[in-house]
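Work through the following exercises with the sequence and the model side by side. Each task is followed by a solution that proceeds in steps.

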Amino acid sequence: MVRRTKSEAMETRTQILDAAERVFQRDGVLSASLNDIATQAGVTRGAIYWHFKNKHDLFMAMVERGRLLFDILSEKAEDPEEPDPLGRLAEFMTFLLQQVVNDPGQRRIFEIIFHKCEFSGDNLCLLGMQREKCRESSRRLGQVLSNAISREQLPADLDVSRAVVWLHSQLTGMIMYWLLDNECVDLAEEADGFVETCLFSLAHSPSLRQRPRSA
């Protein structure tokens, strides 16, 4: 048996992930099979199982690969020593929206997550996995907003939990809307203005402030 080098193994893993993106986008996660992915990647099913436990493990690895660059940008805003957390958040949000437009791989991943991943049948376990990822993202975003409050970039009485939910809904809603009809708005061109509007609302919307407790 020929021993594969580490670089060859990583190249095969990348081929499989690339193929999974294309097959999941084409067929949907529920209907896609490992045979289809293996054929698309030009490898055997055994090669897939060498790298991934099953289709769901492969799906989550695909999602994680897409998050790596965003995680690096997010970590800057999460750093308590960052002097401009709101500025870093604006950069992150703008980059995210522009990547959906300009990077075909990122666009495929978002399309799969939002429109090609059926949380039913054999895929039901993915719902819990995605929920945990969403909660992690909310925790990290909450840290950024708390940092911005500490730097007096946002009001001290901002309701961080409510603001996190609102901001998440704005971002995911815009991405889902654009993926359904990318002629509805020039997202790359409008990203800066959209983000500016979101941050203005965080700073000035009364509905995002803490509510007085009932006596």
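**Exercise 1. The elements and the overall extent**

Task: Establish how many helices and strands the chain has, and what box its C-alpha atoms fill.

Solution: The chain of this predicted model has nine helices and zero strands, and from the N terminus on its elements accordingly read α-α-α-α-α-α-α-α-α. Taken along the principal axes, the box filled by the C-alpha atoms is roughly 70 × 40 × 35 Å.

**Exercise 2. The two domains**

Task: Find the bounds of domain 1 and domain 2, and describe the contact between them.

Solution: Begin with the domain assignment, which gives residues 1-52 to domain 1 and residues 55-208 to domain 2. Next, consider the centres of the two domains, which, taken over C-alpha atoms, are separated by 28 Å. Then turn to the residues that meet: 19 residues of domain 1 are in contact with 19 residues of domain 2. Finally, the size of an interface is often given as the accessible area lost when the parts come together. For domain 1 and domain 2 the area buried between them is about 1,700 Å², with 63% of it on carbon and sulfur atoms.

**Exercise 3. Helices α8 and α9**

Task: Decide whether α8 is roughly parallel or antiparallel to α9, and list the residues that meet.

Solution: Helix α8 covers residues 160-180 and helix α9 covers residues 187-204, and their axes come within 11 Å and cross at roughly 165°. Because angles over 145 degrees count as roughly antiparallel, α8 is roughly antiparallel to α9. The crossing of these two helices is right-handed. On the α8 side, the residues in contact are Ala163, Trp166, Leu167, Gln170, Leu171, Met174 and Trp178, and they meet Leu187, Phe194, Cys198, Ser201 and Leu202 of α9. Sorted by class, the contact of α8 with α9 has ten nonpolar, two polar and no charged residues.

**Exercise 4. Helices α5 and α8**

Task: Work out how α5 is oriented to α8, and which classes of residue make the contact.

Solution: Helix α5, residues 85-102, packs with α8 at an angle of about 15°, their axes being 10 Å apart. Since angles under 35 degrees count as roughly parallel, α5 and α8 are roughly parallel to each other. In passing α8, α5 makes a right-handed crossing. The contact joins Leu89, Met93, Leu96, Leu97, Val100 and Val101 of α5 to Leu167, Leu171, Met174, Ile175, Trp178 and Leu179 of α8. By class, the contact of α5 with α8 has twelve nonpolar residues, with no polar and no charged ones.

**Exercise 5. Helices α6 and α8**

Task: Determine the orientation of α6 to α8, and the classes of the residues in their contact.

Solution: The axes of helix α6, residues 104-115, and α8 come within 10 Å and cross at roughly 100°. As angles of 65 to 115 degrees count as roughly perpendicular, α6 and α8 are roughly perpendicular to each other. Arg107, Phe110, Glu111, Phe114 and His115 of α6 meet Thr172, Ile175, Met176, Trp178, Leu179 and Leu180 of α8. This contact of α6 with α8 has seven nonpolar, two polar and two charged residues.

Note on methods: Residues are numbered from 1 along each chain as its sequence is written. This is a predicted model: local features need pLDDT of at least 70, side-chain atom pairs count only at pLDDT 80 or more; totals for chains, interfaces and linings use all residues. Side-chain values use heavy atoms; hydrogens and water are left out. Axes are lines fitted to C-alpha atoms, for helices over the stretch in contact, and angles run from 0 to 180 degrees between N-to-C directions. Helices (H or I, at least four residues) and strands (E, at least two) are DSSP runs, numbered from the N terminus. A crossing is left-handed if the near helix is turned anticlockwise from the far one by less than a right angle, and right-handed if clockwise. Contact means heavy atoms within 4.5 Å. Ala, Val, Leu, Ile, Met, Phe, Trp, Tyr, Cys and Pro count as nonpolar, Asp, Glu, Lys and Arg as charged, and the others, Gly among them, as polar. Domain bounds come from an automatic or database domain assignment. Buried area is the accessible area (1.4 Å probe) that two parts lose on being put together, summed over both.
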